Amino acid sequence: MSTRRRSIQYSLLHNDDDYNDNGNDIGGEHESGFDYYSPKGCDKIPWKSIALALFLLFLGSILLFLSFFIFTGHMGGERSQAYGLLTLGILTFLPGFYETRIAYYAYRGANGYHFASIPDY
């Protein structure tokens with residue numbers, strides 16, 4: 001049984017990233033959705049957010065050390081308490097470390113890090 005090849009004309013589909021809402025080609029130009037980022041917005045330092053991040057970092061570190069001391073027997077307590085402290089320590093340390101790292105890199109002026117990327121509380 002032989003198969004017959006069909007001649008099908010394929011056309012190239014446009015990429016949605018290359019067109020804006022009106023269907024006009026933007027051709028690599030910047031999109032208007034990013035206009036709200038301005039250099040003045042990067043200059044404002046969110047002090048409350050940085051203080052919260054540092055608090056979470058230090059509280060998480062303390063809770064992790066306490067769980068470590070209970071696990072190793074240097075401090076009294078049950079293993080269930082150590083697991084609870086370990087869980088709370090991880091849940092507070094990770095966001096504190098992440099936000100503190102962003103604030104540090106923004107302070108140092110690293111590429112891609114701005115104070116505007118830290119949520120302001």
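## Annotated spans

Over residues 82-98 of this predicted model, the chain is 100% helix and 0% strand, with end C-alpha atoms that are 24 Å apart. Residues 50-70 are likewise described as 100% helix and 0% strand, and the end C-alpha atoms of that span lie 30 Å apart. Both stretches, residues 50-70 and 82-98, carry the annotation "transmembrane region" in the UniProt record, which is an unreviewed entry.

## Helix H2

Helix H2 takes in residues 47-72, and because each of its 26 residues is reckoned at 1.5 Å, the helix should span 38 Å, which agrees with the 37 Å that separates its end C-alpha atoms. Just after H2 comes Gly73, where phi is positive, at about 90°.

Which residues of H2 are buried? They are Ser49, Ile50, Ala53, Leu57, Gly60, Leu63, Ser67 and Ile70, and the elements that cover these buried residues of H2 include H3.

## The largest nonpolar core

The largest nonpolar core has 6 residues in all, namely Ile50, Ile102, Ala103, Ala106, Phe115 and Ile118. Helix H3, which runs over residues 79-108, supplies the largest share of this core, with 3 residues. Ile50, one of the core residues, is also listed among the buried residues of H2.

What is Ala103 in contact with, once its neighbours within four places in sequence are left aside? Ala103 is then in contact with Ile50, Phe115 and Ile118, and these three residues are themselves members of the largest nonpolar core.

Notes:
Residues numbered from 1 in each chain as written. Predicted model: local features only at pLDDT ≥ 70, side-chain atom pairs only at ≥ 80, totals over all residues. Heavy atoms only, no water. Core = buried A, V, L, I, M, F, W, Y, C linked by side-chain atoms within 4.5 Å. Buried < 20%, exposed > 50% of the residue type's maximum accessible area, 1.4 Å probe, protein only. Helix = DSSP H or I, 4+ residues; strand = E, 2+ residues; numbered from the N terminus. Contact = heavy atoms within 4.5 Å. Expected span 1.5 Å × (residues − 1). UniProt positions renumbered as here; feature names shortened; annotations may be inferred.
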